[in-house]
Amino acid sequence: MSQDMTQQLIAAARRMEIWIRDQALPLWQKVGFDPETGANYERLLPDGQPDLEAKTRVRVQARQAFFYAAAYHRGWCPQGQTLATGLLNFVHQRAAHPTAGGGYTHLLDKHFTVIDTKQDLYDHAFFVLANAWCYRAFGDEAALREAEKLVAHLDAKFGADYGGWIEGDYAYACRRQNPHMHLFEAFLALYDATQDAKWLARVGELFALFQSRFFDPHQQVLLEFFNDDWTRCADERGDVVEPGHMMEWVWLLDWYSRRSGRPVKRYTDALYNKALEIGVDKSGLLFDAVMPDGRVLDHNKRCWGLTEFIKANLVQIRAGDPKATERAVKGVEDLFTYYLCASTPGAYVDQRGADDEVVVDVAPASTLYHLIVLAMELLDHCETYNA
């Protein structure tokens, strides 16, 4: 790796930090909150104003609580503790499930009144993550207790016969790897925050599920949709591959390996190389969904897929891939070219189409989670490996 390329990566990391700190945080603090309830709006419109008509997913409050807790922890947002705690307090008061004995509801109307009381596994993964970070960033003991209560609630109500958890308290068509991936992340965050080995053990349980079910060693891909017994769906859903999730697992598996000592290179290399082969468009953006043989199912390209690609490249840099630094630098450049290019500083484009045209020009609040994690990972990598 050339010194010049290393310097370009350091510059890219700094660029992400400045965007988060000086553009995204000021904008979202200014316009992102409902003044009456303190809730976070679902998304911003192209003019940088909140979409006051949109329904709001309850998990957006968790993802934004994480965003502000992480920003506070980095020294980027002095108000972050107040904002993160306020979001979680709002959820306790307005969106706690009325009868389940724990956990949260799913959807709010534009007045931030609950309109869907279902409990969803994916939602709750982010509440575990947010509470882990509120404990890590602020030393908030109540947040740690809430994380422990949420995990106990999931185990009691949604624990499944074949490992992992079911999708929630509703009729679902299939089981997904995606919420389990984010619980893998949340348990790692709890371990980092507490150094309590029980959380690393929980990650290990999910690693076994990844090894035995999510990863297809024959096709070298990550599968998404499964039957209740974790056999892959027999219909077309069984062949859906999301390149962004493959890249996200590269990052997560590497994080787990650094904490546990478990070797994961056979998986990270396989996922990375296969996603690079079948999931990346000529522009460098990641398709939303493909088939294991490379046929494209969905030519659209969400912003978050590119953030995960950049993070996976950091893993591969550390593994000695000679081209990964160049890919990471280009990835950050592409992020600014195609997504962090909204007319309002701190907003962004969410999705590009088959010809890289804009197809979704709103800025969902939930994407900030991906963007701040990318910024932190870039900075940590450059500080640790280029010191």
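Let's start with strand E3, residues 107-108, which pairs with E4 in the antiparallel sense over two bridges. Pairing here needs at least two bridges found by DSSP between two strands, and strands (E, at least two residues) and helices (H or I, at least four) are DSSP runs numbered from the N terminus. One bridge to look at: Leu107 has Asp116 as its partner in E4. As a reminder, strands of a sheet pair through backbone hydrogen bonds, either parallel or antiparallel.

Before I go on, please keep in mind that this is a predicted model, where local features need pLDDT of at least 70, side-chain atom pairs count only at pLDDT 80 or more, and totals for chains, interfaces and linings use all residues. Residues are numbered from 1 along each chain as its sequence is written, and side-chain values use heavy atoms, with hydrogens and water left out.

Back to that sheet. It is open, has three strands in the order E2-E3-E4, and its pairing is antiparallel. Strand E2 (56-57) and strand E4 (114-116) are at the edges with a single partner strand each, so one side of each has no neighbour in the sheet.

Now please turn to another open sheet, again antiparallel, with three strands in the order E11-E12-E13. Its edge strands are E11 (301-302) and E13 (358-360), each pairing on one side only. E11 and strand E12 (residues 351-352) run antiparallel and are joined by two bridges. Opposite Arg302 you will find Gln351 of E12. Hold on to Arg302, please; we will meet this residue again.

On to the empty spaces. The search uses a 1 Å grid over the protein atoms alone: a cavity is a set of points where a 1.4 Å probe fits but cannot get out, a pocket is an open set with protein on both sides within 12 Å along at least five of seven lines, and lining residues have an atom within 4 Å of a point. Points are joined across faces, edges and corners, and a volume is the space filled by probe spheres set on the points.

The largest pocket holds about 550 Å³ of space. Which residues lie nearest its centre? They are Arg57, Arg59, Tyr122, Arg302 and Trp304, out of 26 that line this pocket. Helix H2 (58-74), helix H6 (178-194), H8 and helix H12 (367-385) are the elements that give two or more residues to the lining. For residue classes, Ala, Val, Leu, Ile, Met, Phe, Trp, Tyr, Cys and Pro count as nonpolar, Asp, Glu, Lys and Arg as charged, and the others, Gly among them, as polar. The lining of the largest pocket then has 14 charged, six polar and six nonpolar residues.

The second largest pocket has a volume of about 380 Å³. Of its 20 lining residues, Asp192, Arg258, Arg259, Glu377 and Asp380 are the closest to its centre. At least two residues of this lining come from each of H2, helix H4 (121-138), H6, H8 and H12. Which helix gives the most? That is H12, with seven residues. By class, this lining counts nine charged, eight nonpolar and three polar residues.

As for closed spaces, there is one cavity of 30 Å³ or more, and the volume of the largest cavity is about 50 Å³. Its lining includes Arg302 and Trp304, along with Glu242, Pro243 and Asp288. Helix H8 (243-260) and helix H10 (303-318) are the elements that give two or more residues to that lining. There, four residues are nonpolar, three charged and two polar.

Next, cysteines. With a disulfide taken as a pair of cysteine sulfur atoms within 2.5 Å, the structure holds zero. For Cys233, the nearest cysteine sulfur is that of Cys174, 4.5 Å away. Is Cys233 buried or exposed (buried means under 20% relative accessible area, exposed over 50%, partly exposed in between, with a 1.4 Å probe and protein chains only)? Cys233 is buried, at 4%. Cys382 is 19 Å from the nearest cysteine sulfur, that of Cys303, and is also buried, at 9%.

Two helices to finish. In helix H2 we find Ala65, buried with a relative accessible area of 0%. The C-alpha atoms of Ala65 and Trp133 are separated by 8.6 Å, while the two residues are 68 apart along the chain.

Helix H9 (residues 265-279) has 15 residues and reaches 20 Å from first C-alpha to last, close to the expected 21 Å, that is, 1.5 Å times one less than its number of residues. Buried residues in H9 include Tyr267, Leu271, Lys274 and Ile278.
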